[in-house]
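Here is a note to read alongside the structure. The points are numbered, and each can be taken alone.

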Amino acid sequence: DFLAPFAGKVTKLYAVDIPGEENAHSAETIAKSGKRAGFDAEVRPSITAAVRSAAEVAKARVVICGSLYLAGLVLDRNGTPPD
């Protein structure tokens, strides 16, 4: 249900594990759900690897979603945590 609004708008879905979050769905589970929903979905070993893969897609826009923990981790690693 979460992925449904992205149908037709997403070229590729890269799933990653969230380090240190034991209760989060695994990247494998997310990728399988994405495939069931009709997305071209793959697992990447890290956030960095996922962003690098996205950079290979022409005119890519990257959407970090699904978890505030993941979004917070991305902002922290990017050096742009919210005030």
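**Notes on the packing, the cores and the pocket**

1. Start with helix α1. Its buried residues pack against β1 (13-15) and β2. Keep in mind that this is a predicted model.

2. Which residues of α1 are buried? The helix spans residues 27-36, and its buried residues are Ala 27, Ala 31 and Gly 34. They sit on the same side of α1, because the arc they cover around the axis is only 60°. Turn to the face directed away from that buried side. Exposed residues Lys 32 and Arg 36 are carried there. After α1 comes Gly 38. The phi of Gly 38 is positive, near 95°.

3. Ala 31 deserves a closer look. Leaving aside neighbours within four places in sequence, Ala 31 is in contact with Ala 15 and Ala 41. Glu 42 and Val 43 are also in contact with Ala 31.

4. Now the nonpolar cores. The largest has seven residues in all. Leu 3, Leu 13, Ala 15 and Ala 27 belong to this core, and so do Ala 31, Phe 39 and Ala 41. At least two of its residues come from β1, and at least two from α1. Another core, of six residues, lies apart from it. Among the six are Val 16, Ile 18, Leu 70 and Leu 73.

5. Leu 70 gives a view into that other core. Its place is in helix α3. Is Leu 70 buried or exposed? Leu 70 counts as buried, because its relative accessibility is 11% and the cut-off for buried is under 20%. Setting aside residues up to four places away in sequence, Leu 70 touches Val 16, Ile 18, Ile 47, Ile 64 and Cys 65. Look at the pair Leu 70 and Ile 18. They are 52 residues apart along the chain, yet 6.1 Å separates their C-alpha atoms.

6. Helix α2 comes next, at residues 47-55. Its buried residues are Ile 47, Ala 49, Ala 50, Ser 53 and Ala 54. Why do they line one face of the helix? Seen down the axis of α2, the buried residues fall within an arc of 165°, so one face holds them. Their cover includes β1 and α3. On the face turned away from the buried side, α2 carries the exposed residues Arg 52 and Ala 55.

7. Ser 53 is a good residue to check by eye. It is found in helix α2. Ser 53 is buried, with a relative accessible area of 11%. Not counting residues up to four places away in sequence, Ser 53 touches Tyr 14 and Arg 44.

8. Pro 45 lies in the loop between β2 (41-43) and α2. Why is Pro 45 called exposed? Its relative accessible area is 76%, and exposed means over 50%. Ser 67 is 22 residues from Pro 45 along the chain. The C-alpha atoms of the two are separated by 17 Å.

9. The loop between α2 and α3 holds Lys 59. Lys 59 is exposed, with a relative accessible area of 84%. Check its backbone too. Phi of Lys 59 is near 55°, a positive value in a residue other than glycine.

10. Val 62 is found in the loop between α2 and α3. Val 62 counts as partly exposed, because its relative accessibility is 47%. That value falls between the buried cut-off of under 20% and the exposed cut-off of over 50%. Val 62 and Ala 50 are twelve residues apart along the chain. Their C-alpha atoms are separated by 9.5 Å.

11. Last, the largest pocket. How much space lies in it? About 1200 Å³. The pocket is lined by 41 residues. Closest to its centre are Leu 3, Leu 13, Tyr 14, Val 63 and Cys 65. Two or more lining residues come from each of β1, α1, α2 and α3 (68-78). The largest share, four residues, comes from α2. By type, the lining divides into 28 nonpolar, seven polar and six charged residues.

Conventions
Residues are numbered from 1 along each chain as its sequence is written. This is a predicted model: local features need pLDDT of at least 70, side-chain atom pairs count only at pLDDT 80 or more; totals for chains, interfaces and linings use all residues. Side-chain values use heavy atoms; hydrogens and water are left out. Buried means under 20% relative accessible area, exposed over 50%, partly exposed in between (1.4 Å probe, protein chains only). Contact means heavy atoms within 4.5 Å. The arc is that of the directions from the helix axis to the C-beta atoms. A nonpolar core is a set of buried Ala, Val, Leu, Ile, Met, Phe, Trp, Tyr and Cys residues joined through side-chain atoms within 4.5 Å. On a 1 Å grid over the protein atoms alone, a cavity is a set of points where a 1.4 Å probe fits but cannot get out, and a pocket is an open set with protein on both sides within 12 Å along at least five of seven lines; lining residues have an atom within 4 Å of a point. Grid points are joined across faces, edges and corners, and a volume is the space filled by probe spheres set on the points. Ala, Val, Leu, Ile, Met, Phe, Trp, Tyr, Cys and Pro count as nonpolar, Asp, Glu, Lys and Arg as charged, and the others, Gly among them, as polar.
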